[in-house]
Amino acid sequence: MPHVITSPCIGTKDQACTEVCPVECIYDAGEMLLIHPDECIDCGACVPACPVSAIYPEEDVPENESEYIEKNRAFFGL
């Protein structure tokens with residue numbers, strides 16, 4: 001999974017990340033947005049666009065946010 005959206009997105013869902021994503025792999029998952037791991041091309045455009053700093057490369061997700069790696073996969077059935 002190239003990038004993961006974490007808890008600061010909950011309730012915010014600013015959509016700035018979706019506007020810069022060249023492959024439209026960011027989806028509304030209800031309380032937050034999530035990145036489809038098979039569609040993401042790992043360009044990183046979404047990271048600086050996020051106003052709440054909720055998006056990380058998978059390997060850089062803070063330990064206290066690691067549950068969102070699995071939440072992203074589970075939402076997309078992976």
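These questions and answers walk through a predicted model, one feature at a time.

Colleague: Which element gives the most residues to the largest nonpolar core?
Modeller: The largest nonpolar core has 20 residues. The elements that give two or more residues to this core are β1, β3 and α3. With three residues, the one that gives the most is β3.

Colleague: Which residues of this core touch the most other members?
Modeller: In soluble globular proteins, nonpolar side chains tend to be buried together. Here the core counts 20 residues. Those that touch the most other members are I5, I26, I35 and I55.

Colleague: Which residues is I35 in contact with, leaving aside its neighbours within four places in sequence?
Modeller: Contact here needs heavy atoms within 4.5 Å. By that cut-off, the partners of I35 are H3, V4, I5, C25, I26, C40, C46, I55, N72 and F76.
The strand to look at is β3, which spans 33-35.

Colleague: How many aromatic pairs does the structure hold?
Modeller: One pair joins Y27 and F76. Another joins F75 and F76. The count of aromatic pairs is two.

Colleague: What kind of pair do Y27 and F76 form?
Modeller: The ring centres of Y27 and F76 are 5.6 Å apart. Their planes meet at 65°. Planes over 60 degrees apart count as one kind, so this pair is edge-to-face.

Colleague: How many residues apart are Y27 and F76?
Modeller: Y27 sits in strand β2. F76 sits in the segment after α3. The pair links distant parts of the chain, and the separation is 49 residues.

Colleague: What kind of pair do the rings of F75 and F76 form?
Modeller: The centres of these two rings are 4.9 Å apart. Their planes stand at 90°. That angle is over 60 degrees, so the pair is edge-to-face.

Colleague: Is F76 buried or exposed?
Modeller: Ring pairs link Y27, F75 and F76 into a cluster. Y27 is partly exposed at 31%, and F75 is partly exposed at 43%. F76 has a relative accessible area of 17%. Buried means under 20%, so F76 is buried.

Colleague: What is the volume of the largest cavity?
Modeller: The model has two cavities of 30 Å³ or more. The second largest has a volume of about 40 Å³. The space in the largest cavity is about 70 Å³.

Colleague: Which residues lie nearest the centre of the largest cavity?
Modeller: The lining of this cavity has 13 residues. They divide into ten nonpolar, two polar and one charged. Nearest the centre lie C21, C25, C40, C43 and C46.

Colleague: How many charged residues are in the lining of the second largest cavity?
Modeller: This cavity is lined by C9, K13, D14, Q15, C17, L33, C50, P51 and V52. Six of the lining residues are nonpolar and one is polar. The charged residues number two.

Colleague: What is the phi of K13 near?
Modeller: Most residues other than glycine have a negative phi. K13 has a positive one. K13 is found in the loop between β1 and α1, and is partly exposed at 24%. Its phi is near 40°.

Colleague: Is E24 buried or exposed?
Modeller: E24 is found in the loop between α1 and β2. Its phi is positive too, near 50°. Its relative accessibility is 62%. Over 50% counts as exposed, so E24 is exposed.

Colleague: What separates the C-alpha atoms of C43 and P22?
Modeller: C43 is found in the loop between β3 and α2. C43 counts as partly exposed, at 47% relative accessibility. C43 and P22 are 21 residues apart along the chain. The distance between their C-alpha atoms is 8.5 Å.

Colleague: Is E65 buried or exposed?
Modeller: E65 is found in the loop between β4 and α3. Its relative accessibility is 12%. That is under 20%, so E65 counts as buried.

Colleague: Which residues is E65 in contact with, leaving aside its neighbours within four places in sequence?
Modeller: E24 is 24 Å away, C-alpha to C-alpha, and 41 residues apart in sequence. Contact needs heavy atoms within 4.5 Å. The contacts of E65 are T6, S7 and P8.

Note on methods
Residues numbered from 1 in each chain as written. Predicted model: local features only at pLDDT ≥ 70, side-chain atom pairs only at ≥ 80, totals over all residues. Heavy atoms only, no water. Helix = DSSP H or I, 4+ residues; strand = E, 2+ residues; numbered from the N terminus. Buried < 20%, exposed > 50% of the residue type's maximum accessible area, 1.4 Å probe, protein only. 1 Å grid on protein atoms, 1.4 Å probe; cavity = no way out; pocket = protein on both sides within 12 Å on 5 of 7 lines; lining within 4 Å. Points joined across faces, edges and corners; volume = space filled by probe spheres on them. Nonpolar A, V, L, I, M, F, W, Y, C, P; charged D, E, K, R; others polar. Core = buried A, V, L, I, M, F, W, Y, C linked by side-chain atoms within 4.5 Å. Phe/Tyr/Trp six-rings, centres within 6.5 Å; stacked < 30°, edge-to-face > 60°.
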